[in-house]
Amino acid sequence: MDATIESTTTLAPDQVASSEDAPPRLWLGGLGAGIAWLAAALVVEFWPNFDDWAYTTELASAAGALGGGLLFASVAGRRLPGIDRLRSLAPWLVALALLLTSWEIFTAKLNLLPRPFFAPPQAFLEVYFEDWRRLGECVIRSLLLLAPGFFIGAALGFASGVALGWSRIAGYWGHPILRLIGPLPAIAWLPIAFFAFPSSWSASVFLIALASGIPVAILTWSGVAGVNSAFYDIARTLGASQRFLVLKVAVPAAMPHVFVGLFMGLASSFSVLVVAEMMGVKAGLGWYLQWAQGWAAYGNMYAALLVMAVMCSGLVTLLFKIRDRLLAWQKGLLRW
Amino acid sequence: MSAYLSIENVGITFQGDKGPFCALRDVSLKVDKGQFISIIGHSGCGKSTLLNIVAGLSAATTGGVILENAEVTAPGPDRAVVFQNHSLLPWLSVYDNVRLAVDKVHKARDKAWRHDWTLHNLSLVRMEEACDKRPGEISGGMKQRVGIARALSMEPKVLLLDEPFGALDALTRAHLQDGLMEIHQRLGNTVLMITHDVDEAVLLSDRIVMMGNGPAATIARILAVDLPRPRRRVDLACDAAYTHHRAEVLRFLHGHDTARDAA
């Protein structure tokens with residue numbers, strides 16, 4: 001499988017050109033990005049701040065280190081392992097350097113944006129350097145809430161989706177219930193959940209499980225119901241039992257749908273997580289956001305938002321990696 | 001003395017939107033063990049429906065199918081089916097597609113035997129090299145070979161082939177026909193094959209069952225093909241008996257069947 005993926009990527013038109021010609025001495029994109037980051041470092045360090053901002057030098061050294069690294073990579077070029085994957089990132093690296101520079105100029109240097117609401121880049125560094133312990137704990141607490149909720153929801157959603165798709169009786173009773181409850185945002189259950197569950201942790205787990213379970217159930221159901229009947233015919237001519245038809249035919253055939261459901265469930269579990277942490281739970285990234293806003297610590301708030309974005313997109317990426325591995329047979333059919 | 005496989009007065013009526021629709025009526029056919037039977041007829045004449053009834057995937061409205069003194073009521077591994085173009089489960093590798101059937105049918109055997117048996121059957125159709133490939137990665141002809149390997153691995157009483165080579169190019173089809181003939185010669189399977197291809201029917205069969213047009217289709221004529229085996233397509237190209245049989249089937253399909261007009 002991997003071999004085919006590799007070969008298709010190396011056959012991308014722009015890369016054919018670069019590998020067919022004599023290997024370029026210099027990676028021009030890397031050179032440009034390196035210069036942009038070095039320029040950003042110079043602006044940060046030597047353009048005096050409008051006001052006193054801590055960690056200005058640290059920010060400049062970080063940008064300078066990145067710029068220097070990119071310059072080195074652009075000269076060392078092809079000899080560095082993994083350089084080909086970096087190659088396509090060059091435009092983004094340039095854009096990010098420009099973004100950082102203008103952000104720095106508009107906030108720390110010229111003070112053009114209203115102050116407590118817009119923090120300069122070094123304020124992020126300050127938060128990460130001085131509050132990393134609390135922020136880290138919040139990430140862990142959030143994950144400890146998200147993981148059980150998502151797994152319980154995914155497992156129950158998957159099981160009920162298979163039952164709904166397979167059994168006529170389950171479909172008869174389950175369909176109206178899912179029709180009624182499915183469209184309701186999980187957050188709407190918040191008052192009931194906090195009333196019905198003994199702790200705010202278990203109430204939040206319930207809400208997250210509900211939010212992630214319903215899309216998984218619906219998509220699994222539609223996946224199982226939509227399995228090509230020819231697959232069942234094949235299995236039946238092998239003498240398959242009902243159990244065999246469910247486990248060996250319906251479930252694997254429905255997996256592409258199940259993964260769409262898992263993706264949607266994961267996305268909606270994030271929003272429930274944050275709301276639940278803002279409302280009841282006394283830890284986690286949602287709580288941190290709320291707390292930072294309460295103290296008008298906007299730098300902390302932005303820093304936490306960035307951490308949250310990285311965490312969520314990391315989890316989604318992980319899910320996609322798992323899917324690509326499990327659904328290798330579907331390669332070419334998957335379009336997202 | 002009853003036949004090995006006996007199709008007796010089979011008829012099927014579907015309940016459609018516009019009332020009942022009779023697709024087949026009074027189909028009777030007796031097949032001896034080891035015989036190769038082709039069923040030929042125009043599209044929509046109920047060939048596939050008949051095969052599905054023998055497979056047990058559809059239930060006959062009237063009559064029934066008896067295989068070795070037992071009535072067919074459900075699909076089972078004693079009647080292996082190779083479908084036209086969707087015989088394999090796409091999420092399993094070539095090996096696993098065959099192994100699935102082997103594990104199902106030969107439960108009593110140990111693991112090593114089942115592994116060897118899977119590879120043996122794949123080698124019968126020369127697919128042992130492609131074990132780890134998935135159906136999406138191999139050609140249509142290769143898929144059909146794997147389908148045949150899986151059917152053979154089940155050691156069925158009857159092999160049911162539903163236009164197995166219909167979607168393939170002429171050269172691949174010829175290769176697979178030769179392969180199938182060789183396997184049939186060696187293992188003596190009882191085969192029921194649906195086809196649209198006159199040459200295929202004459203080349204492979206002991207008898208050709210020609211079905212009339214629907215609705216309420218039934219067997220119009222049965223042609224015995226008594227060409228000696230093993231048969232070689234190159235030798236037969238100019239063989240008088242072969243061309244005669246071929247002409248008979250063509251006349252039937254294209255409406256100039258003198259025998260039928262007289263009747």
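Colleague: Where is B:P230 found?

Modeller: This is a predicted model, in which local features need pLDDT of at least 70, side-chain atom pairs count only at pLDDT 80 or more, and totals for chains, interfaces and linings use all residues. Residues are numbered from 1 along each chain as written, chains are lettered from A and ligands numbered from 1 in the order written, and side-chain values use heavy atoms, without hydrogens and water. Helices (H or I, at least four residues) and strands (E, at least two) are DSSP runs, numbered from the N terminus. On that numbering, B:P230 sits in the loop between strand 10 and helix 7 (233-236) of chain B.

Colleague: Is the peptide bond from B:R229 to B:P230 cis or trans?

Modeller: Most peptide bonds are trans. Here omega is near -5°, so from B:R229 to B:P230 the bond is cis.

Colleague: In which loop is the place of B:N69?

Modeller: Most residues other than glycine have a negative phi. B:N69 is not a glycine, yet has a positive phi of about 65°. Its place is the loop between strand 4 (62-67) and strand 5 (70-71) of chain B.

Colleague: Which residue in the turn between strand 4 and strand 5 of chain B has a positive phi of about 45°?

Modeller: Strand 4 and strand 5 of chain B run antiparallel and are joined by two bridges. B:L67 stands opposite B:A70, and B:I66 has B:E71 as its bridge partner. The two strands form a hairpin with two residues between them, and the turn residue with that phi is B:E68.

Colleague: What is the order of the open sheet of four strands in chain B?

Modeller: Strands pair if DSSP finds at least two bridges between them. Strand 1 (residues 5-16) and strand 4 of chain B are antiparallel and share five bridges, with B:L5 partnered by B:L67. The pairing of this sheet is antiparallel, in the order 2-1-4-5.

Colleague: Which strands of chain B stand at the edges, with a single partner strand each?

Modeller: An edge strand has one partner, so one of its sides is left without a neighbour in the sheet. In chain B that describes strand 2 (19-31) and strand 5.

Colleague: Which strands of chain B does helix 1 touch?

Modeller: Helix 1 (residues 47-55) packs on the sheet ordered 2-1-4-5. Its direction makes about 115° with that of strand 1 of chain B; axes are lines fitted to C-alpha atoms, for helices over the stretch in contact, and angles run from 0 to 180 degrees between N-to-C directions. With contact meaning heavy atoms within 4.5 Å, helix 1 of chain B touches strand 1, strand 2 and strand 4.

Colleague: How many degrees, on average, are neighbouring strands of the sheet 6-7-8-3-9-10 turned against each other?

Modeller: This open sheet of chain B has six strands and mixed pairing. Its edges are strand 6 (79-82) and strand 10 (219-224). With direction ignored, the average turn between neighbouring strands is 20°.

Colleague: What angle does the direction of helix 4 of chain B make with that of strand 6?

Modeller: Strand 6 pairs in the parallel sense with strand 7 (residues 158-162) of chain B over four bridges. B:V81 stands opposite B:L160 there. Helix 4 (residues 140-153) of chain B packs on both strands, and its angle with strand 6 is about 180°.

Colleague: Which residue forms a salt bridge with B:R173?

Modeller: The rule takes a side-chain nitrogen of Lys or Arg within 4 Å of a carboxyl oxygen of Asp or Glu, and finds 18 salt bridges over all chains. For B:R173 the closest N and O atoms are 3.0 Å apart, and the partner is B:D197. The pair links distant parts of the chain, 24 residues apart: B:R173 lies in helix 5 (residues 170-187) of chain B, and the loop between strand 8 (190-195) and helix 6 (198-204) holds B:D197.

Colleague: Which three residues supply 38% of the area that chain A buries against chain B?

Modeller: Buried area is the accessible area (1.4 Å probe) that two parts lose on being put together, summed over both. Between chain A and chain B it is about 1800 Å², with 74% from carbon and sulfur atoms. More than any other three residues, the contributors on chain A are A:T237, A:L238 and A:W329.

Colleague: How many salt bridges does the rule find across the interface of chain A and chain B?

Modeller: The interface brings 17 residues of chain A into contact with 21 residues of chain B. Across it, the salt-bridge count is zero.

Colleague: What separates the centres of domain 1 and domain 2 of chain A?

Modeller: Bounds come from an automatic or database domain assignment. It gives domain 1 (20-113) and domain 2 (132-327) of chain A. Taken over C-alpha atoms, the separation of their centres is 39 Å.
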